[in-house]
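Colleague: I'm new to this one and would like a close look at a single part, chain B. Could you walk me through how it is put together, and then how it fits in with its partner?

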Amino acid sequence: MNEFKSVWVFSENRDLMLEMLCKGRELADKLQTELAVILLGCKIKDQAEILIKYGADKVYVVDDPKFEKLQTEPYLSALTNLATRYRPEIILIGSTKRGKELAARLTTRLETGLVSDAFKLEIDENKRLIATRIVYSGNGVATETYQTKPQVATVQPRTFEKPKLMERKGQVVEVNVTLEEPKTEVIEIKPVEVKKVRIEDARIIVSGGRGVEKKEDFKMLEDLATLLGGYVGNTRPLAEDRKWFSEWVGLSGKKVKPDLYVACGLSGVIQHIAGMRDSKVIVAINKDQEAPIFQVADYIVVDDIYQIVPALTEALRKMLKS
Amino acid sequence: MPRIIVCLKQAVDVNHIKVDPTTRRLITADAPKKISDFDKNALEEAVRIKEKLQGEVVALTVSAEDAKTTLREALAMGADKAYLVTDPSFQDSDALITSHILAQAVKKIGSFDLILCGEATIDSYSAQVGPRLAERLGIPVITYVRKLSLEGNHVIAERSLEDRFEVAKARMPALITVIKEINEPRIPSLPDILKASKKEFVTWSLDELGVSKEKVGITGSSVQILEVLAPKGERKQIKIEGENPHEIAENLAKALIQKGFARR
């Protein structure tokens with residue numbers, strides 16, 4: 001049997017695939033092995049060349065209409081087949097909800113280990129992959145390694161930077177794989193309201209929690225965000241309990257790391273903090289001086305957001321004019 | 001009448017974890033334990049299905065022996081029967097191994113229509129065990145479900161994905177992982193708690209499941225945890241003060257401008 005080599009990257013989400021490609025390049029160089037992208041989809045062959053310019057040495061393409069509905073089994077059977085045939089050493093999979101299920105099932109078929117949502121990936125002196133992830137809902141950071149191969153990790157959006165385009169050469173390999181039929185049937189698709197800006201891309205975020213009493217009151221957060229050239233965010237209860245928004249910042253929602261995060265009237269449960277801890281500067285405004293958000297804040301204001309936020313917007317506006 | 005197996009994890013209550021300030025190591029030993037949050041939603045959903053269609057709800061956990069208390073709570077919430085797989089050699093097993101043990105236990109429990117799990121656990125949050133278990137059993141899986149119903153031999157489930165809600169249908173037996181929003185778990189009443197102590201409680205060792213001890217724990221697992229530390233907290237923690245809200249806001253504005261924010 002051939003030994004395990006090469007680093008693979010797969011995601012059905014293109015941005016995420018590119019971000020992992022950048023990290024994959026680094027790992028492959030360290031191991032002095034090749035970096036391959038697994039490109040699965042319907043009519044996607046023409047997207048392969050550009051991935052080489054983004055850093056891939058090889059692009060394995062399986063082009064099949066069965067991928068169109070984004071159901072797991074076709075992806076799962078393609079990846080199982082390719083991994084058994086070519087034996088990669090490392091596989092990075094995009095940690096979307098679909099990707100998480102896929103990765104768990106793939107590594108069960110391959111009888112190997114999976115580290116979910118790794119935010120740091122390194123190669124140690126024994127050429128093993130070392131993956132770091134958040135555990136205990138944000139209370140801990142675990143460093144993990146593998147005793148089996150391939151070593152598989154999932155990676156969340158915006159964990160790594162996108163690579164730059166380069167002039168480089170590589171190989172596109174079209175592969176024929178017999179794909180499994182889906183075990184489930186999609187009977188209805190309901191669109192969710194997609195915001196125009198991806199909050200992960202915002203440089204400045206003004207975020208609100210349960211201290212914002214009415215949805216209309218978000219206006220004052222929006223005013224501040226607009227003035228700062230940023231975007232508003234929110235906690236999970238505002239989305240899931242009050243149904244004001246379709247997404248939220250936190251462990252189970254969006255992970256963000258803006259230059260500035262202004263937390264308004266949010267207590268900072270550990271799950272929320274896990275989603276914004278990596279922000280460069282954190283400002284917290286809350287009436288309750290015991291609020292845990294203050295422990296991760298650079299600037300602390302113990303006061304009412306209804307007083308402070310409009311006054312802050314006003315003060316900034318004046319200072320910027322002068 | 002459906003027979004539903006609910007997989008539960010006894011997890012450390014993450015709100016009660018302390019940190020050793022010198023080593024940054026987490027102190028989890030004396031933190032209280034409980035049924036992991038989303039697993040409780042899975043149990044609640046199973047009990048609701050039973051209330052509508054009758055049938056049976058079985059709670060299953062692979063854990064240290066102290067999980068008996070946790071499983072008693074599951075029985076009080078409405079499970080009819082509880083299975084605890086426990087063995088000292090199981091400690092530090094990863095999701096690959098845990099799903100193998102669960103699969104062996106499910107096979108021993110016998111026929112079933114549905115397996116319900118939480119989307120992930122509050123301690124590890126890896127979302128692996130549910131899909132891995134389905135894969136081992138060779139049954140369909142629908143993940144991140146916020147609405148669930150049974151129609152004849154099929155389960156219909158609405159998934160909450162990043163870009164859309166997707167209503168999926170699968171033939172039973174199937175495995176479903178649920179999200180918090182699917183329901184509000186009940187708090188058992190005193191009579192429910194008393195009744196629970198009379199319900200059937202089965203304990204299995206790994207031997208009884210035919211799982212070899214060499215294949216579990218640290219030696220059998222493919223992922224090994226090297227270290228768990230508290231995240232580094234290097235924040236300035238500057239308190240912005242002032243005579244009144246306006247003054248506080250002005251001082252904060254100055255600090256932000258100084259930091260280079262709000263440039264025009």
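Modeller: Chain B has eight helices and 15 strands. Keep in mind that this is a predicted model. Along its principal axes, the C-alpha atoms of chain B fill a box of roughly 70 × 40 × 40 Å. The chain has 264 residues, and 47% of them count as buried. If you take the contacts in chain B with a separation of 6 or more, residues 24 or more positions apart account for 69% of them.

The domain assignment splits chain B into domain 1, residues 3-220, and domain 2, residues 234-264. Their C-alpha centres lie 47 Å apart.

Let's go inside next. The largest nonpolar core has 186 residues, and the members that touch the most others are V6(B), A59(B) and I176(B). Helix 3 of chain B, residues 95-109, gives this core its largest share, eight residues.

V6(B) is a good place to start looking around. Setting aside neighbours within four places in sequence, V6(B) is in contact with A42(B), L43(B) and A46(B), with V57(B), A59(B) and L60(B), and with A79(B) and L116(B). Pick A42(B) from that list and you land in helix 1 of chain B, which covers residues 37-53. A42(B) is buried, because 31 other C-beta atoms lie within 10 Å. Apart from neighbours within four places in sequence, the contacts of A42(B) are V6(B), L116(B), C117(B), G118(B) and V178(B). L8(B) is 34 residues away from A42(B) in sequence, yet their C-alpha atoms are 8.4 Å apart in space.

Now for the sheet. It is an open one of 10 strands with mixed pairing, in the order 11(A)-11(B)-10(B)-9(B)-12(B)-8(B)-1(B)-6(B)-7(B)-13(B). Notice that one edge is strand 11 of chain A, while the other is strand 13 of chain B, residues 200-204; each pairs on one side only. On average, and ignoring direction, neighbouring strands here are turned by 30° against each other. Helix 2 of chain B, residues 67-77, packs on this sheet and touches strand 6 (56-62), strand 7 (81-85) and strand 13 of chain B. The direction of helix 2 makes about 160° with that of strand 7.

Zoom in on one pairing in that sheet. Strand 9 of chain B (residues 141-151) and strand 12 of chain B (residues 174-178) run parallel and are paired over three bridges. Here I142(B) stands opposite I176(B), and I176(B) is one of the core residues that touch the most other members.

That brings us to the partner. The contact between the chains takes 66 residues from chain A and 66 residues from chain B. On the chain A side, the elements that give two or more residues include helix 4 (97-109), strand 8 (140-146), strand 11 (184-191), helix 5 (218-228) and helix 8 (305-321) of chain A. Helix 4 of chain A gives the largest share of that side, nine residues. Sorted by class, the side of chain A that touches chain B has 35 nonpolar, 16 polar and 15 charged residues.

There is another strand pairing across the chains to look for. Strand 16 of chain A pairs with strand 15 of chain B (residues 238-239), in the parallel sense and over two bridges. In this pairing, I300(A) stands opposite K239(B).

A quick look at chain A itself rounds this off. Its domain assignment gives domain 1, residues 7-174, and domain 2, residues 199-321. The centres of these two domains, taken over C-alpha atoms, are separated by 33 Å. Seven residues of domain 1 of chain A are in contact with seven residues of domain 2 of chain A.

Strand 9 of chain A, residues 151-155, is worth finding too. Five of its five residues are buried, so this strand is largely enclosed by the rest of the structure. Q151(A), A153(A) and V155(A) point one way from the strand, and V152(A) and T154(A) point the other way. Strand 4 of chain A (residues 90-94) runs parallel to strand 9 of chain A and is joined to it by five bridges, with I91(A) opposite V152(A). Strand 5 of chain A also pairs with strand 9 of chain A in the parallel sense, over two bridges, and there V115(A) stands opposite A153(A).

Conventions
Residues are numbered from 1 along each chain as its sequence is written. Chains are lettered from A and ligands numbered from 1 in the order in which they are written. This is a predicted model: local features need pLDDT of at least 70, side-chain atom pairs count only at pLDDT 80 or more; totals for chains, interfaces and linings use all residues. A nonpolar core is a set of buried Ala, Val, Leu, Ile, Met, Phe, Trp, Tyr and Cys residues joined through C-beta atoms within 7 Å. A residue is buried if 20 or more other C-beta atoms lie within 10 Å of its own, exposed if 12 or fewer, and partly exposed in between; C-beta atoms are placed from the backbone. Helices (H or I, at least four residues) and strands (E, at least two) are DSSP runs, numbered from the N terminus. Two residues are in contact if their C-beta atoms, placed from the backbone, lie within 7 Å. Domain bounds come from an automatic or database domain assignment. Ala, Val, Leu, Ile, Met, Phe, Trp, Tyr, Cys and Pro count as nonpolar, Asp, Glu, Lys and Arg as charged, and the others, Gly among them, as polar. Two strands pair if DSSP finds at least two bridges between them. Axes are lines fitted to C-alpha atoms, for helices over the stretch in contact, and angles run from 0 to 180 degrees between N-to-C directions.
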